[in-house]
Amino acid sequence: MTNACHFNVFKALNFARASVKRPPSPCGTVAYLSKCSLRQIHMEATKKSDSRGALIVLEGLDRCGKTSQCSRLLSHIEKSGHAVESWRFPDRNTGVGQMISSYLANDSHLDDHAIHLLFSANRWEKRSLMESKLRSGTTLIVDRYSFSGVAFSSAKGLDVEWCKAPEVGLLAPDLVAYLDISPEQAAERGGYGGERYEKLEFQKRVAESYKTLRDATWKIIDATLPIEDVEKKLRQIVMECVVTCEKGKPFSELWPN
């Protein structure tokens, strides 16, 4: 019993000593502040390293004005002091892209499933470079992406889920801006009918397919407005997205299970 009492007293004394507040050592204070400073620098460096470019995709029917607006956005973002590039799918400069170009110009014929897979392969050809560019801080303005592939192929009667399957794993856009115009109004624009898919009845089916792909994150822009007004609306939403990605928005992928 005596030993137990001595033991408890000893514990209490040790606890009391540990509880006594001692004046902070100057050296300890400096060391603490140095650790805090290093931690803050590390956090800021980590935050900065997470900064990246934005993946901006413009979608819509043929002759909706995507290409013109991509060019205008490129110029505006460059003048704002951000690194930016303009991309376009299909990329007709690659081997797969040249096969697609021949098909679109009606110089060759392929099964609908085969051409869909070629369009998807064309995007996969650029997947690694795309991520590298974005990680380096370059914003990409992309004229058509996977949504076009699914919309156009499903308009031919292919199963939507089958069309999506080869796109799974590609980077998801940070922003999809859909330039909305009726097929009839698009058909009235200059140059219409020059390629395989520029047929009014087919474009009507494509428009319906796009509606099934839209979600709450898409930004719908009235493409029948004057070109300057369309540009103004795009500038606002695109620059907001660029700033968000510069703050460190994580990457995501298309159509995860």
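This is a chat about the predicted model shown above.

Reader: What should I know before I start, and how are residues numbered?

Author: Residues count from 1 along each chain as its sequence is written, and side-chain values use heavy atoms, leaving out hydrogens and water. The model is predicted, and local features need pLDDT of at least 70, side-chain atom pairs count only at pLDDT 80 or more, and totals for chains, interfaces and linings use all residues.

Reader: Cool. How many helices and strands are in the chain?

Author: The chain has eleven helices and five strands. Both are DSSP runs numbered from the N terminus: helices are H or I with at least four residues, strands are E with at least two.

Reader: And what's the strand order in the sheet?

Author: The order is β2-β3-β1-β4-β5, in an open sheet with parallel pairing. Two strands pair if DSSP finds at least two bridges between them. At the edges sit β2 (84–88) and β5 (219–222), each pairing on one side only.

Reader: How many bridges join β2 to β3?

Author: Five, and β3 covers residues 139–143. Glu-85 stands opposite Leu-140 in β3.

Reader: Which strands does helix α3 lie across?

Author: Helix α3 (residues 66–79) lies across β1, β2, β3 and β4, and runs at about 170° to β3. Angles go from 0 to 180 degrees between N-to-C directions, with axes fitted to C-alpha atoms, for helices over the stretch in contact. Helix α6 (residues 127–135) also packs on the sheet, touching β1, β2 and β3. Contact means heavy atoms within 4.5 Å.

Reader: Switching topic: which residues of α11 are buried?

Author: Among them are Val-230, Leu-234, Ile-237 and Cys-241. Buried means under 20% relative accessible area, exposed over 50%, and partly exposed in between, using a 1.4 Å probe and protein chains only.

Reader: What covers those buried residues of α11?

Author: The cover includes β1, α3, β3, β4 and β5.

Reader: And over the chain, what share is buried?

Author: Buried residues are 39% of the 257 residues.

Reader: Okay, how many disulfides are there?

Author: Zero. A disulfide here is a pair of cysteine sulfur atoms within 2.5 Å.

Reader: Why is there no bond from Cys-64 to Cys-70?

Author: Because the Cys-64 sulfur is 9.1 Å from the one in Cys-70, its closest cysteine sulfur, and that is too far for a bond.

Reader: Is Cys-64 buried or exposed?

Author: Cys-64 is buried, since its relative accessible area is 3%. Cys-163 counts as buried too, at 0% relative accessibility.
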